[in-house]
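Student: I would like to know how the labels on a structure are earned. Can we go through some of them together?

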Amino acid sequence: MTHRFRTLRSLFLISRSGTPRAAFLGSSWPAKMAAPVGKAARGWSVLALGLRSVVPRLPGLTQVRWSRYGPEYKDPQIDKEYYRKPLAELTEEEKYEQELRKIQLIKAAPAAKTSSVFEDPVISKFTNMMMKGGNKVLARSLMTQTLEAVKRKQFEKYHAASAQEQATIERNPYTIFHQALKNCEPVIGLVPILRGGHFYQVPVPLPDRRRRFLAMKWMITECREKKHRRMLMPEKLSHELLEAFHNQGPVVKKKQDMHKMAEANRALAHYRWW
Amino acid sequence: MLKRMTRLVSGARQLDPGRLLHGGPQAPQSLAAHPDNQVPDGSPRAVSCTSEGDPVRTFNEACLMVRRPALELLRYLKNTNFAHPAVRYVLYGEKGTGKTLSLCHVIHFCAKQDWLILHIPDAHLWVKNCRDLLQSTYNKQRFDQPVEASSWLKNFKTANERFLSQIKVQEKYVWNKRESTEKGRPLGEVVEQGLTRVRNATDAVGIVLKELKSQSRLGAFRLLVAVDGVNALWGRTTLKREDKSPVAPEELALVHSVRKMVRNDWHGGAIVLTLSQTGSLFKPRKAYLPQELLGKEGFDALDPFIPILVSNYSPKEFESCIQYYLENSWLQHEKAHTEEGKKELLFLSNANPGQLERLCAYL
């Protein structure tokens with residue numbers, strides 16, 4: 001199903017025949033009620049206390065993609081600094097929270113999340129998106145090779161440049177990665193809306209997470225498809241990241257095309273009702 | 001295991017010989033080809049690298065960390081008695097601890113002292129993935145490897161240009177009906193013959209080794225035989241004949257000549273060897289001891305030798321390695337500068353030099 005239905009926070013339900021159908025629960029449905037949906041559950045667990053039973057059981061439909069954790073389960077605290085604070089420095093609130101955590105039920109931390117200082121959620125997300133068939137080892141090695149390739153290319157440029165230019169050359173692969181993805185994020189997107197039997201492409205503001213997803217998706221698709229058969233992924237990806245960092249290259253062009261199409265269709269903007 | 005030999009045109013900063021003699025921890029990475037006052041500027045030197053990236057392109061320099069095993073070896077070499085038969089030193093250790101780079105350090109030292117260097121960067125490359133195996137012209141039972149032999153001759157020529165004109169051949173060698181090398185001609189001619197006529201390259205290698213071995217006792221030069229991955233000479237090969245029957249290593253002419261070279265029946269130099277599991281065939285991954293990697297045959301052939309263990313970084317070495325990376329801005333991650341980051345790197349790499357390098361590559 002398209003992202004649009006996620007935006008409306010609908011439930012994913014399957015009918016007895018087994019085909020998934022999105023159930024529209026009305027545009028005024030508050031976002032809180034989406035608690036049973038797997039990923040959305042985390043942020044809303046406190047508010048969704050006891051809400052699971054209130055979810056309307058539409059006849060012939062059962063829930064799919066839900067979390068096995070009940071609403072009483074809290075998220076694990078992975079940050080090392082949280083536990084290292086000496087007792088004297090804690091405020092009343094924090095002391096209460098720590099006491100509470102001893103009694104509360106806590107979910108298991110996912111295997112990919114570590115308390116390492118070098119961990120980066122954006123890199124982890126990108127690695128997961130690159131992964132195929134659950135082969136995280138390969139995806140992670142491709143990611144590290146890409147970062148290394150970016151670093152080496154920048155170092156070569158640095159040594160070949162004059163003293164003034166050296167100050168402008170960025171050698172940190174992580175800043176390059178983040179900046180490149182930021183440059184690829186579209187601000188406005190197009191959504192197909194059904195009106196009078198036809199689907200119209202309506203310009204719509206995109207939420208943050210959709211923008212980040214689109215940037216990463218475009219980057220990965222570009223690197224997978226538009227490369228020579230013998231070229232390796234790290235090589236191509238490092239090249240694309242460097243181009244995107246300088247606001248050039250095919251991914252930034254795709255973002256700009258998206259903006260142009262949204263600008264062209266701005267007459268249809270009133271079809272949007274949210 | 002060495003990946004390749006690259007040429008390095010000297011242009012790096014001058015190396016103070018004192019830095020090598022003191023035990024002070026210096027920088028890692030591959031071989032330094034620093035010119036001293038004795039070596040003329042602009043002379044190309046062959047350099048061997050273990051890492052994926054070329055450190056010269058990355059850092060504009062190539063540096064080595066001075067470590068205990070290399071210093072021990074240098075001390076032994078300085079005190080060698082050239083009248084006694086050549087002593088064999090075997091560097092062994094777990095994967096990634098720095099055996100190859102210690103070998104490179106020793107080679108560099110000997111090159112500075114004007115020894116003749118006979119360096120085989122990776123003996124494993126000679127026993128696997130060989131496209132063309134010709135029947136040897138010299139001995140019908142053995143096989144020639146023209147590609148490997150000619151590339152080795154090229155590197156040998158680059159490394160020892162000066163000696164090629166000084167050393168004279170002591171016998172006449174007939175290559176074919178039209179070509180032959182007379183007695184008394186410089187060794188450079190044999191090398192040229194091997195490079196131009198690739199079919200005779202293996203025989204040229206054999207001749208070069210034989211001549212050097214017989215002439216080292218005369219005292220005109222000191223010979224250093226350095227072989228990386230010497231356990232390849234006594235293991236198994238993955239090469240097959242046309243009828244798909246396997247080839248034993250002793251049936252390869254190159255391996256045969258190097259085995260003769262590594263025997264301690266000559267004097268006037270030293271033999272430094274390295275064991276390596278990384279490129280080896282049919283050996284378990286965890287094997288690193290001489291007995292395990294050489295097998296009975298190899299161990300008996302090399303016995304007696306002086307084993308030198310190369311281990312992981314000590315805390316001081318680790319610290320200096322991190323400092324080197326920080327000075328060169330190789331560690332770009334902002335958390336890598338902190339104590340937390342350093343502790344994490346120590347934990348993740350277990351002070352193993354190879355693992356640390358791979359970790360710091362993407363940080």
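Tutor: Helices and strands here are runs assigned by DSSP, a helix having at least four residues and a strand at least two. Keep in mind that this is a predicted model.

Student: What are the helix and strand shares over residues 112-266 of chain A?

Tutor: That stretch is 64% helix and 10% strand. Its end C-alpha atoms lie 42 Å apart. An unreviewed UniProt entry lists residues 112-266 of chain A as "domain: Small ribosomal subunit protein uS7". The domain assignment of chain A gives other bounds, with domain 1 at 70-117 and domain 2 at 120-271. Between the centres of these two domains, taken over C-alpha atoms, there are 34 Å.

Student: What is the confidence in chain A?

Tutor: The average pLDDT of chain A is 82, and 79% of the residues score at least 70. Residues 4-54 of chain A are below 50. This stretch still has 80 contacts in the model beyond near neighbours in sequence. Where pLDDT is low, predicted coordinates should not be read in detail.

Student: How many disulfides are there over all chains?

Tutor: The count is zero. Take Cys184(A): the nearest cysteine sulfur, in Cys223(A), is 9.7 Å away. A disulfide needs the two sulfur atoms within 2.5 Å, so a pair at that distance does not qualify.

Student: Why is Cys360(B) not bonded to Cys321(B)?

Tutor: The closest cysteine sulfur to that of Cys360(B) belongs to Cys321(B), and 6.5 Å is too far for a bond.

Student: What makes Cys184(A) count as buried or exposed?

Tutor: Buried means under 20% relative accessible area. Cys184(A) has 0%, so Cys184(A) is buried. Cys360(B) also has a relative accessibility of 0% and therefore counts as buried.

Student: Why is the pair of Arg211(A) and Glu185(A) called a salt bridge?

Tutor: The cut-off is 4 Å between a side-chain nitrogen of Lys or Arg and a carboxyl oxygen of Asp or Glu. For Arg211(A) and Glu185(A) the closest N and O atoms are 3.8 Å apart, so the pair qualifies. Arg211(A) sits in helix α8 and Glu185(A) in the loop between α7 and β4 of chain A, so the pair ties together parts 26 residues apart in sequence. Glu185(A), at 15% relative accessible area, is buried.

Student: Where in chain B do Arg241(B) and Glu251(B) lie?

Tutor: Both are in the loop between β9 and α9 of chain B, 10 residues apart. They form a salt bridge, with the closest N and O atoms 2.3 Å apart.

Student: Why does Arg241(B) get its accessibility label?

Tutor: Partly exposed covers values between the 20% and 50% limits. Arg241(B) has 27%, so Arg241(B) counts as partly exposed. Glu251(B), with 21%, is partly exposed as well.

Student: How do you know that Lys296(B) and Asp300(B) meet in a salt bridge?

Tutor: Their N to O distance is 3.0 Å, which is within the 4 Å cut-off. Both residues lie in helix α10 of chain B, four residues apart, about one turn of the helix. Exposed means over 50%, so Lys296(B), at 61%, is exposed. Asp300(B), at 44%, counts as partly exposed.

Student: Which residues are joined into one network by salt bridges that share partners?

Tutor: Lys80(A), Glu81(A), Arg84(A) and Glu340(B) are. Over all chains, the structure holds 27 salt bridges.

Notes: Residues are numbered from 1 along each chain as its sequence is written. Chains are lettered from A and ligands numbered from 1 in the order in which they are written. Side-chain values use heavy atoms; hydrogens and water are left out. Domain bounds come from an automatic or database domain assignment. Buried means under 20% relative accessible area, exposed over 50%, partly exposed in between (1.4 Å probe, protein chains only). pLDDT is the predictor's confidence in each residue, from 0 to 100. Contact means heavy atoms within 4.5 Å. UniProt positions are given in the numbering used here, feature names are shortened, and annotations may be inferred rather than shown by experiment.
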